[in-house]
Amino acid sequence: MRTPLQTLTRSISWPKPAVLIPVVAALYVALIILLPALEVVAGAFAKGIQPFLDNFGNEDLRSAVLLTLRCTLIAVPANTIFGLAAATAIARRQFPGKALLLSVIDLPFSISPVVVGLMLVLLYSPTNGVFGDVISSLGWKIIFSWPGMALATIIVTFPFMAREVIPLLEEEGWEQEEAARTLGASSWQVFWKVTLPSVRWAVLYGLILTTARALGEFGAVSVVSGNIAGQTQTLPLFVEDSYKQYDTELAYGAALVLGGVALVSLLLKLLVEQMLGGLKEKNPIN
Amino acid sequence: MSFAALRRWRLALPGWLQLSWSWRITWIYLALVLFLPLGALALKASAVGPAQFWALATTEEALATYRISFGLAFLAALINGFFGLVIAWALVRCDFPGRRVLHALIDLPFALPTAVAGLALAALYSTNGWVGGPLEAWFGIKVSFTALGVGVAMLFISLPFVVRSVEPVLEALDVDQEEAAWCLGASPRQTLFKIVLPQLMPAILSGVAQGYSRAVGEYGSVVMISSNVPFKDLITPTLIIQKLEEYDFASATVIGMVMLLFSLVSLVVINGLQVWGRHWEANPATSL
């Protein structure tokens, strides 16, 4: 038996039949998101498990994995330090231009990754870069080499940590830090023992997002890499390159590895979201 | 120097040198990874000269890529404006088996590396793919390696923005208003168009704008499903890369600058829409 009120809400909440909306939603998501995801799995195991495993004997793939890890291991700690510094500096203070500074930090999310890569080429290319002369006289190699790729990864991923930690720190307030200072703690001690523990879930969340994006970054890294197999190829670049060379099995194998990492990061993210409670609902994007 | 003297000395310094460590790290980091590259692009673009800039920014080839990138992304964002609303509505207002799975799937385009997404979409919508095969056989529609495929990749990449933008607003929406409208004799259609949609509009538009901005700049998934033929399905980011590969740095710089300016404008628009949304939440009666 439904109460009259329930009948009422049922009849007006849904302008179309209650079944139609979930069905349309599910069909659309299946077509645009779910089937592509399944396609990766099906493609990787199209010829069984053994050919899939054989992919990992490929030298270029292994070197791509190592380069991807190197870029990620540089970008994630660097961006964590920046994110925490920016959060302690910006959150909980009101100053003119605060909203502008927050937008500036968000800027890499709106700039096309290709333009990020282009900017680095225009800055560090030995022939055409602003710092080209300096770079070549020092004998450094930034463009078409891993430092440029690591830098591209840093630029594309640095907003994640800051934008996760800032809102949480803003909610926390100053009281605990002030108490610690009154009791004689140095500012370093306050940071390690009071501030950092209070935002640990946001930091973890930021770490997951930064790592996931750093591992999968394509556009920006592609522009500065030169895409030489076995040398300056990250895993996402390897996927594209082997697909274009009609080496479909290799492409799917590498894609499944990346997809698996993405799935793990997604699950971890959902887990941390539960730990964070309602926080995520205020910051829905990314 | 004693601590007190050090302190006096520090206070005598100009303002920006008194910054705390956290501020110094923030500014130095931003300068190195953001301002310096942005400055390089601006410097190189200004060195081109206005007349030359305009000429390079509006070549036939560049204009064709703008039509594809900006036009298709706009269509994709609009389509997702509708379906994003439907999905958000299903997630918030409907109860059905698999709701949680649907919720998790929406985030996949954020998590999945774009190269993987591109590979999957290109294969799925190709003429021997699960979806592309039937489309070709029954309707004669080719998706992969055409402009339509570019649109599909843009749909994939921009969908989560609308859903994630609308969801929290829809959750906060009071069912009381809809009940009141019903009691006052409004039809379901009137309730939807006069009560519900106006309140969701800022969130929908903000999500559409974010998805649009992302789809315009997207490279990884689009480049794999596109045949990258100029005037057919070549997008602007790919054109920048082609220009770089041809060592045509001036064209790459100018077109890159056009895209950067677009990003800045869209950032301002998105911020404006979000401010409008918050204003609406604060006093719903006076907005619009």
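## A kinked helix in chain B

Let's start with a bend. In this predicted model, helix α9(B) has a kink of about 35 degrees at S158(B). A proline, P160(B), follows shortly after that point.

How does the end-to-end span of α9(B) compare with what its 26 residues should give? The helix covers residues 147-172 of chain B, and at 1.5 Å a residue it should span 38 Å. Its end C-alpha atoms sit 39 Å apart, so the two values agree.

Is this helix enclosed or open to the outside? Of the 26 residues in α9(B), 20 are buried, so the rest of the structure largely encloses it.

## Where the two chains touch

Chains A and B meet in a contact that draws 81 residues from chain B and 71 residues from chain A. On the chain B side, helix α2 (residues 21-48) chips in the most, with 14 residues. Sort that side of chain B by class and you get 57 nonpolar, 16 polar and 8 charged residues.

## A look at chain A

What is chain A built from? Its secondary structure comes to 16 helices and 0 strands. Along its principal axes, the C-alpha trace of chain A spans about 70 × 60 × 35 Å.

Chain A has 286 residues, and 45% of them are buried. Now take the contacts in chain A with a separation of 6 or more: 74% of these link residues that are 24 or more positions apart.

Technical notes: Residues numbered from 1 in each chain as written. Chains lettered and ligands numbered in written order. Predicted model: local features only at pLDDT ≥ 70, side-chain atom pairs only at ≥ 80, totals over all residues. Helix = DSSP H or I, 4+ residues; strand = E, 2+ residues; numbered from the N terminus. Buried ≥ 20, exposed ≤ 12 C-beta atoms within 10 Å, placed from the backbone. Contact = placed C-beta atoms within 7 Å. Expected span 1.5 Å × (residues − 1). Bend = angle between axes of the 7 residues up to and from the residue. Nonpolar A, V, L, I, M, F, W, Y, C, P; charged D, E, K, R; others polar.
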